[in-house]
Amino acid sequence: MCLQLPVLLLAALLLFSSCNKKEGTDFDGPKTKVRAVQSEKPTIKESEQLAAQIESELILFTQRIVSGNLPDSFSDNENWSQLSNRFLNSSEQSRNVKVSVFEIRHERSTIQTVARMEMKARLNNQNYFGLITQFESTWSKNEDGQLKVLKIGDPEQTVLNESPVLWFRDETDRLTAKEPTFAEHLSRGLDFWLKRIESIHGIDAFINNGMALGDFDGDGRDDIYVCQPGGLPNRLFLHQADNTILEAPKKTGANYLDHTSAALFIDIDNDGDQDLTLATPSGIVLLENDKHQSFIRRGILQTDEVDCHSLSATDFDLDGNLDLLITFALGSRSLDNNSSFRFDDARDGGSNQLFRGHGKWSFSEVTALSGLSEGNDRHSLAASWHDYDLDGDPDLYIANDYGQNQLYRNDVRDGSRLFSEIANEIGIEDRGAGMSVSWADYNRDGLPDLYVGNMYSNAGKRITGLSGFMPKNKEELTKHYRRFAKGNTLFKQEKNGAFIDSGPATTMGRWAWSSVFADLNNDGWEDLIVANGYISGPRPDDL
Amino acid sequence: MPLGNSGIGPGLDGSDPARQLQEYVRRGASFSGNEAHVVFNNEKGSFKNVSSITGLDSKDDGRSVCFTDWDLDGDLDIWISNRNGPQIRFFQNSNPSGGHGINIHLSGKSCNKDAIGARVILKARDKSPQTRTVTAGSGFLAQSSKNLHFGLAKEDVIEEMQIHWPGNKAQIISNIVPGNYHIEQGSEPIEFKVRSNEIAKEPNPYPETFNDRTFLSQRLPLTAFFGRPPEAKDKPFLICLTVEDCQVCAAQKKEWKESPPAGVHLQLINQSKLALTDPEKLQIIQLTYDHFFDISERNIPTPISFLIDQKNRLCAIYRGHIDQDLLLEDCINININGSELRSRSVPFSGQWTSKQILSARPLNFVEDLLDAGLLDPAANYINKEMNSLKEDELFPMLLKRLEALKSDRITP
């Protein structure tokens, strides 16, 4: 088995805590050639150390750009001067910079990097201003290990934004102020509770819990159900007339303490109110909405696995009764003795399960019957139903961690519904660390398109981009590993039913959990939002 | 990507990357942390990163994203769930383009009532069509509103709307202007109205307050390390670890001096002194504290107190100042078990789907001691708790591990 990406990412993590930041580079200094140290090709660890050093140097450089204090050697450079001038009329405190080195190459005596620079500020005319650009830089290292900048290339692919208003206002405090349980419970994050609730209850440092919107009390306003890890109660908040939220009374019966990964408000019994379903390690909990007042538990659909993730509802057989799909990440199966876990193609995941609804709270498990057992051994974090081929029935896309994704086309064969897995056939297998699925016709050509969330990692890009990252005969694998750090994928559907990767413009979503379409600015075109951050711990060292 | 519990096998060098990563995170390191959310604006089919002007700057590790026009003002607002606190955030849309919006709530008759799977196509004059589909579950662990939202540029005039009900004929609707509508299958749109509902929506009359203590659902025997002081007789005893220069510690001590807690024997330990006189014991206390949780703290918070029952088992851990009434209550409840104990072991009330009753596994605690290289205390613990440990199927393995570690120690 080959080197694994996590090991490499970990190496990078280690050294971020150990590398000592050097004195600032003299960007103003004369460009004399320093005598470079000729060294062996650096190890991954050394390369990462250099990247960290260069990144901190470039932060200093970026700070000089936004503060208008351009190094002398750049004063004649129109591109950088123009960019710097954009920040002249901005308040000093509002300026914010972020620099990420995402490519590093080691030549005989120099180091080449490509970095992304993100800057924003509030202009004196009160407009919000942001700028993203990327540029190359060349460095050399002298005998004392001191880095010297040899060249900073021109800014490229610059993106400018300016707006008199921010698109969104954070109104969390106003909406939650009246509800005391919010301050006691949800204002505190997972790390707080991890130290206070025994892990045996079903809470761990890597756990994820979702959220659902739906109108529980029938007043026409969406209420909100917040899922929680084991040992903390899920919370149902009711949407008040003044748009604030208050928790539903205890007697409602929504405060489940089991780890709940996902929830759905759906009208299971087609009686006009919103029932609730929960994905838990005990199975899918079915709760009937009783007169908009409380929930009656109608049963639990037993599942074969416990590491539940997404829950989705559809009517795949168009019989008027809703069906439920639950996905699992880790599986309880053990791999054959001869095979081991493959980061790029893991086949030890839990089997997802499809439950067909028959009405009157009756369900039967139809995973195998419906053809969904094909390839049903991956770590499935997300799933979404959509009639992608516009033939009238919903098809299913599943995003898998550590491997390829799946599209199950819903076909009628011999009078029954059968799914066929065709992701490779139509080009949307998107082998990566899949975490999110969203469908929309973003280009308004009538054909559904697809956005898949995958992690983006600067460290991963740097390391997998190094020459010699893997032995020469492993080119195919190297490609896969690079893919794993690339980020999200936007697939555009063509008229012939095939999908094409629409390129790098929307890949850099960072860690990227929910990566979803929505028209955020009311112009009729569905935008993309990517929710971010994996784990922000109290210690600042990071990848 | 939940790397932590991925089950990733060993790396080439024999290391265990998943475990290493878990250890890093449990000790408080960040991993792709402090990242702002990213927004790409769709400009007629091509995308531009506009994150800097969206105001979505919260860096609390976002997970699920749900959309709804919460205030029914024609634009989509956002609820985001987070790993860090606050665990949910609400972002209200400022409608930056000033465009219109139309919200459609569908209700099926010959298809499922929620109309999940219904596809709605909206055609504005001289514009390409927009399509939305009713979905339940998308993105990552999220369900957005079932109301379909269409943004409309200011100049847009709607020509028609087609509703493709799942498994049914399409319905065409003309003469519709921006607004909020309810459409029942086969009927004309009616204006969507919010109603007052009958549930008494008042703040919960019994707001639950969080007490910073864990009443453990598992009872860990600790006779090996905390001998019962004779003065405790048949009462529970409380070990309280304090430090100097700690206001809470000083206040707590003063309070107990003036009014000693009833029904419990107090044993105060000065942490700084213990660090000098018996560092191994301090390490054991730290391990005991960390044993129950999936995250470790590098320094035990002080004051910290451990409530130990008549059978010398650990029952509760208190952080900071201890409320006298709570302590009394815990002493009274010290022998509860089953579902009563389970309910008391979590900070807030609620119900469980599973009937599983949890019990302590002292073997895991011995493993922790061995992991920390505390071989003699581990051997001591095994001797004292032989009877309960023997019942664990992994006990022979544990003994083997202990022997192996001991022989490693002898032959360096």
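**Close-up views of a predicted two-chain model**

**View 1. Leu528(A) lies opposite Phe40(B), a residue of strand S1(B).** Strand S28 of chain A (residues 527-530) and strand S1 of chain B (residues 38-43) run antiparallel and are joined by three bridges. Strands are DSSP runs of E with at least two residues, numbered from the N terminus, and two strands pair if DSSP finds at least two bridges between them. The model is predicted: local features need pLDDT of at least 70 and side-chain atom pairs count only at pLDDT 80 or more, whereas totals for chains, interfaces and linings use all residues. Residues are numbered from 1 along each chain as its sequence is written, chains are lettered from A in the order in which they are written, and side-chain values use heavy atoms, with hydrogens and water left out.

**View 2. The interface between chain B and chain A.** Contact (heavy atoms within 4.5 Å) involves 156 residues of chain B and 178 residues of chain A. The buried area, which is the accessible area (1.4 Å probe) that the two parts lose on being put together, summed over both, is about 15,100 Å², and carbon and sulfur atoms give 57% of this value.

**View 3. The salt bridge of Asp387(A) and Arg119(B).** The side chains of these two residues meet at 4.0 Å, N to O. A salt bridge places a side-chain nitrogen of Lys or Arg within 4 Å of a carboxyl oxygen of Asp or Glu; the count between chain B and chain A is eight. On the side of chain B that touches chain A, the residues divide into 60 nonpolar, 65 polar and 31 charged; Asp, Glu, Lys and Arg count as charged, Ala, Val, Leu, Ile, Met, Phe, Trp, Tyr, Cys and Pro as nonpolar, and the others, Gly among them, as polar.

**View 4. An open sheet of five strands with mixed pairing.** The order is S10(A)-S9(A)-S8(A)-S7(A)-S9(B). S10 of chain A (245-247) and S9 of chain B (142-143) stand at the edges with a single partner strand each, so one side of each has no neighbour in the sheet. S9(A) (residues 235-239) runs antiparallel to S10(A) and is joined to S10(A) by three bridges; Leu238(A) stands opposite Leu246(A).

**View 5. Strand S16(A) (residues 323-328) and its partners.** Six of the six residues of S16(A) are buried, that is, under 20% relative accessible area (1.4 Å probe, protein chains only). Asp323(A), Leu325(A) and Thr327(A) occupy one side, and Leu324(A), Ile326(A) and Phe328(A) the other. S15(A) (residues 308-314) pairs antiparallel with S16(A) over five bridges, Cys308(A) having Phe328(A) as its bridge partner. S17(A) (residues 353-359) is joined to S16(A) by three antiparallel bridges, with Gln353(A) opposite Ile326(A).

Notes
Helix = DSSP H or I, 4+ residues; strand = E, 2+ residues; numbered from the N terminus. Buried < 20%, exposed > 50% of the residue type's maximum accessible area, 1.4 Å probe, protein only.
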